[in-house]
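Work through the exercises below with the sequence and the structure at hand, and try each task before reading its solution.

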Amino acid sequence: MNMGFWKEEDERGALERFLVPKLDLAFWVRLLLLSVGTILVVRFVATPAFTNGASMVPTYGERQFVVIWHPVYWYRRPRVGEVVAVRYIGEKVMFFKRVVATEGQAVEFRHGRLFVDGEESPYYWNRLTPCDWRLPPRLVPPGHVYLVGDNRSMPMEEHLFGHVDVRRIVGMPLW
């Protein structure tokens with residue numbers, strides 16, 4: 001004997017309505033709105049991605065799942081220390097790199113150590129991996145940031161780094 005507010009037949013009916021919805025106009029409108037909303041969120045707000053390559057090891061491993069958060073740079077520029085997603089080719093290929101300097105700053109590597117404006121960078125990520133890079137000072141142009149991967153144990157010739165126009169930065173990984 002069922003003492004609840006609903007009868008067993010009503011519970012079965014609700015389950016059946018959930019699993020096999022009526023394919024009326026309201027269903028198709030809800031499905032369309034949900035689909036468009038999902039596409040907009042994934043395209044412009046939070047894009048799922050996988051890392052590919054070792055340039056950000058140990059911060060991000062190879063083939064690690066990340067979500068790129070786009071709104072972070074809608075109203076501000078990237079800051080030193082942030083890991084950013086940079087559009088490389090088209091909309092699909094992106095790099096993850098760390099911002100080490102902003103416009104107007106001078107960047108150089110001396111005996112594997114990063115120097116910004118003539119002073120050694122004090123941040124922990126400057127010493128994550130051993131490095132022997134040597135790079136003469138260069139000035140970051142206006143509207144650009146200087147990006148480098150965290151894995152500096154790779155030979156400098158195998159590493160893509162340098163100044164990038166901030167308009168190519170699409171967001172930052174959430175984790």
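**Exercise 1. Confidence**

Task: Find the mean pLDDT of the protein, and state which element has the lowest mean and which the highest.

Solution: The model is a predicted one, and its pLDDT averages 89 over the protein, with 93% of the residues scoring at least 70. Going on to the elements, helix α1 (residues 8-19) has the lowest mean, 70, whereas strand β9 (residues 144-148) has the highest, 97. A caution belongs to this step: where pLDDT is low, the predicted coordinates should not be read in detail.

**Exercise 2. Overall form**

Task: Count the helices and strands, give their pattern along the sequence, and decide whether the protein is compact or spread out with respect to the globule rule.

Solution: The protein has two helices and 11 strands, and reading along the sequence gives the pattern α-α-β-β-β-β-β-β-β-β-β-β-β. The radius of gyration is 24 Å, well over the 16 Å that the globule rule gives for 175 residues, so the protein is more spread out than a compact globule. Along the principal axes, the C-alpha atoms fill a box of roughly 80 × 35 × 25 Å. One pair of residues gives a distance to set beside that box: the C-alpha atoms of Leu-31 and Leu-139, which are 108 residues apart along the chain, are separated by 52 Å. Leu-31 belongs to helix α2 (residues 25-44) and is partly exposed, with a relative accessible area of 36%. For the protein as a whole, buried residues make up 37% of the 175 residues.

**Exercise 3. Strand pairing**

Task: Establish the strand order of the open sheet of four strands, name its edge strands, and then trace which strands pair with β4.

Solution: The order in the open sheet is β7-β6-β5-β8, and the pairing is antiparallel. Strands β7 (119-120) and β8 (135-139) are the edges, since each pairs on one side only. Within this sheet, β5 (residues 106-110) is joined to β8 by three bridges, and Phe-109 has Leu-135 in β8 as its bridge partner.

Turning to β4 (residues 93-102), this strand pairs with β3 (residues 83-89) in the antiparallel sense over six bridges, with Lys-97 of β4 as the partner of Val-84. The hairpin of β3 and β4 has three residues between the strands, and Gly-90 takes a positive phi near 60° there. Strand β4 is also joined to β9 by four bridges, again with the two strands antiparallel, and here Arg-98 finds its bridge partner in Val-148 of β9.

**Exercise 4. Backbone particulars**

Task: Locate the cis peptide bond, and find in which loops Arg-63 and His-111 lie and whether they are buried or exposed.

Solution: The cis peptide bond joins Val-57 and Pro-58, with omega about 10°, and Pro-58 lies in the loop between β1 (46-50) and β2 (65-69). Arg-63 is found in the loop between β1 and β2, and has a positive phi of about 60° although it is not a glycine. Its relative accessible area is 53%; because the cut-off for exposed is over 50%, Arg-63 counts as exposed. His-111, in the loop between β5 and β6 (113-116), also is not a glycine and has a positive phi, near 50°. With a relative accessible area of 58%, His-111 is exposed.

**Exercise 5. Cores and a buried asparagine**

Task: Identify the elements behind the largest nonpolar core, and describe the surroundings of Val-100 and Asn-126.

Solution: The largest nonpolar core has 13 residues, and those with the most contacts inside it include Val-100, Phe-109, Leu-114 and Tyr-146. Strands β4, β5, β6 and β9 each give two or more residues to this core. Apart from it lies another core, of 11 residues, among them Val-99, Leu-147, Val-164 and Ile-169.

Beyond four places in sequence, Val-100 touches Val-80, Leu-114, Val-116, Trp-125, Tyr-146, Val-148 and Arg-152. Asn-126, in the loop between β7 and β8, is buried, with a relative accessible area of 5%. Leaving aside neighbours within four places in sequence, Asn-126 is in contact with Leu-114, Glu-120, Ser-121 and Arg-152, and its side chain makes a polar contact of 3.2 Å with the side chain of Arg-152.

Note on methods: Residues are numbered from 1 along each chain as its sequence is written. Side-chain values use heavy atoms; hydrogens and water are left out. pLDDT is the predictor's confidence in each residue, from 0 to 100. Two strands pair if DSSP finds at least two bridges between them. Buried means under 20% relative accessible area, exposed over 50%, partly exposed in between (1.4 Å probe, protein chains only). A nonpolar core is a set of buried Ala, Val, Leu, Ile, Met, Phe, Trp, Tyr and Cys residues joined through side-chain atoms within 4.5 Å. Contact means heavy atoms within 4.5 Å. A polar contact is a pair of N or O atoms within 3.5 Å; within protein, one must be able to donate a hydrogen and the other to accept it, and residues adjacent in sequence count only if both atoms are side-chain atoms. The radius of gyration is taken over C-alpha atoms; the globule rule is 2.2 Å times the number of residues to the power 0.38.
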